[in-house]
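Open the structure in your viewer and keep the selection tool at hand. The tour below goes from the whole chain to single residues.

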Amino acid sequence: MTHLYRLDATAAQIAQRFGAEAGEDPWGGGYSAPGRFAPVIVGGAKGGRLIVPRLWGVPPPAGVAAADARPITSVRNTASPFWIGNLRHTSYRCLVPATAFQLWAREKDPATGRAVAHWFSLAAAPLFAFAGVWRDSEVPSFAILACEANRLVASVNPAGMPLILHAEDHERWLRADWRSAQALVAPFPSQLMQAAPSAR
């Protein structure tokens, strides 16, 4: 799963694209990494949407050993008792806007011996959304759902990819019952994506 994504859009542009109120989020564009705040879109009252800042990375469950107590950035098991309560309640689901995400190739560049990062984006949608879920514990935080890698992503790193939502499924993720929303957990089509390598 990715540990870095870009959101090269302002709060006003995000609000316009997703039909949301910008709120008080001062986001001006840039990247997001675990432990950094980034804007997410939540369902508001009377069918509206609101942009709110949240920390990427949910604190782990109580009792986790200190060595494994890193924040949880992705949701791989939607049946996990840690997540299922939040996923079943629409008020805890969110959209995570992005313009690209990064994955490191499993193999180093044979010519240079360097690790190679690949940036993935959508050819026809410069600003898109991951499926997310939020929790409030010590901090207002969120995690991104993960799914099986599609053919394009798997050619770089087969470990998995963020769950990218089609634009027509945004409202379904935010408002539908869990049985319907869970059906969206599937790889985004490779032919609708593009990738660009960048050497470290």
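Helices and strands here are DSSP runs, a helix having at least four residues and a strand at least two, and both are numbered from the N terminus. The model on screen is predicted.

**The whole protein**

Begin with everything selected and coloured by secondary structure. The protein has five helices and 13 strands. Its radius of gyration is 17 Å, close to the 16 Å that the globule rule gives for 200 residues, so the protein is as compact as a globular protein of that length. Along the principal axes, the C-alpha atoms fill a box of roughly 55 × 40 × 35 Å.

Now show the surface. About 9900 Å² of the protein is exposed, and 53% of that comes from carbon and sulfur atoms. Of the 200 residues, 48% count as buried.

How do the contacts run along the sequence? Taking contacts between residues at least 6 apart in sequence, 67% join residues at least 24 apart.

Next, colour the charged side chains. There are 19 positive and 14 negative ones, and the centres of the two sets lie 3 Å apart.

**The loop after strand E7**

Select Arg 106, which sits in the loop between strand E7 (100-104) and strand E8 (116-122). Is Arg 106 buried or exposed? Its relative accessible area is 55%, over the 50% cut-off, so Arg 106 is exposed.

Show what Arg 106 touches, leaving out residues up to four places away in sequence: Val 156, Asn 157, Pro 158 and Ala 159. The C-alpha atoms of Arg 106 and Ala 159 are separated by 9.3 Å, while the two residues are 53 apart along the chain.

**Helix H2 and its cover**

Move to helix H2, residues 81-88. Which of its residues are buried? They are Phe 82, Trp 83, Ile 84, Asn 86 and Leu 87.

Then add the elements that cover these buried residues. Among them are strands E5 (74-75), E6 (93-98), E9 (128-136) and E10 (140-147). Helices H4 (170-175) and H5 (178-182) also belong to the cover.

Pick Ile 84 within helix H2. With a relative accessible area of 16%, under the 20% cut-off, Ile 84 is buried. Apart from residues up to four places away in sequence, Ile 84 touches Thr 78, Ala 79 and Trp 178. For a distance to draw across the model, join the C-alpha atoms of Ile 84 and Trp 104: these are separated by 29 Å, and the residues are 20 apart along the chain.

**Strand E6**

From the cover of helix H2, take strand E6 and select Ala 98 in it. Ala 98 has 0% relative accessibility and counts as buried.

What does Ala 98 touch, not counting residues up to four places away in sequence? One group of contacts is Tyr 5, Arg 6 and Leu 7, and another is Pro 126, Leu 127, Phe 128 and Phe 130. Draw a line from the C-alpha atom of Ala 98 to that of Gly 29 as well; the separation is 9.9 Å, for residues 69 apart along the chain.

**Helix H4**

Helix H4 is also part of the cover of H2. Select Leu 174 in helix H4. Leu 174 is buried, with a relative accessible area of 2%.

Again leaving out residues up to four places away in sequence, Leu 174 touches Ile 41, Gly 43, Arg 49, Thr 90, Arg 93, Cys 94 and Leu 95. Leu 174 and Ala 129 are 12 Å apart from C-alpha to C-alpha, and 45 residues apart in sequence.

**The cysteines**

One contact of Leu 174 is Cys 94, so the last stop concerns cysteine sulfurs. A disulfide is a covalent bond between the sulfur atoms of two cysteines. How many disulfides does the protein have? The count comes to zero.

Select Cys 94 and Cys 147. The nearest cysteine sulfur to that of Cys 94 belongs to Cys 147 and is 16 Å away. Cys 147 is likewise in no disulfide. Cys 94 is buried at 0% relative accessibility, and Cys 147 is buried at 10%.

Notes: Residues are numbered from 1 along each chain as its sequence is written. This is a predicted model: local features need pLDDT of at least 70, side-chain atom pairs count only at pLDDT 80 or more; totals for chains, interfaces and linings use all residues. Side-chain values use heavy atoms; hydrogens and water are left out. The radius of gyration is taken over C-alpha atoms; the globule rule is 2.2 Å times the number of residues to the power 0.38. Buried means under 20% relative accessible area, exposed over 50%, partly exposed in between (1.4 Å probe, protein chains only). Contact means heavy atoms within 4.5 Å. Accessible areas come from the Shrake-Rupley method with a 1.4 Å probe; for residues, only the protein chains shown count as cover. Lys and Arg count as positive and Asp and Glu as negative; His and the chain ends are not counted. The place of a charge is taken as NZ of Lys, CZ of Arg, CG of Asp or CD of Glu. A disulfide is a pair of cysteine sulfur atoms within 2.5 Å.
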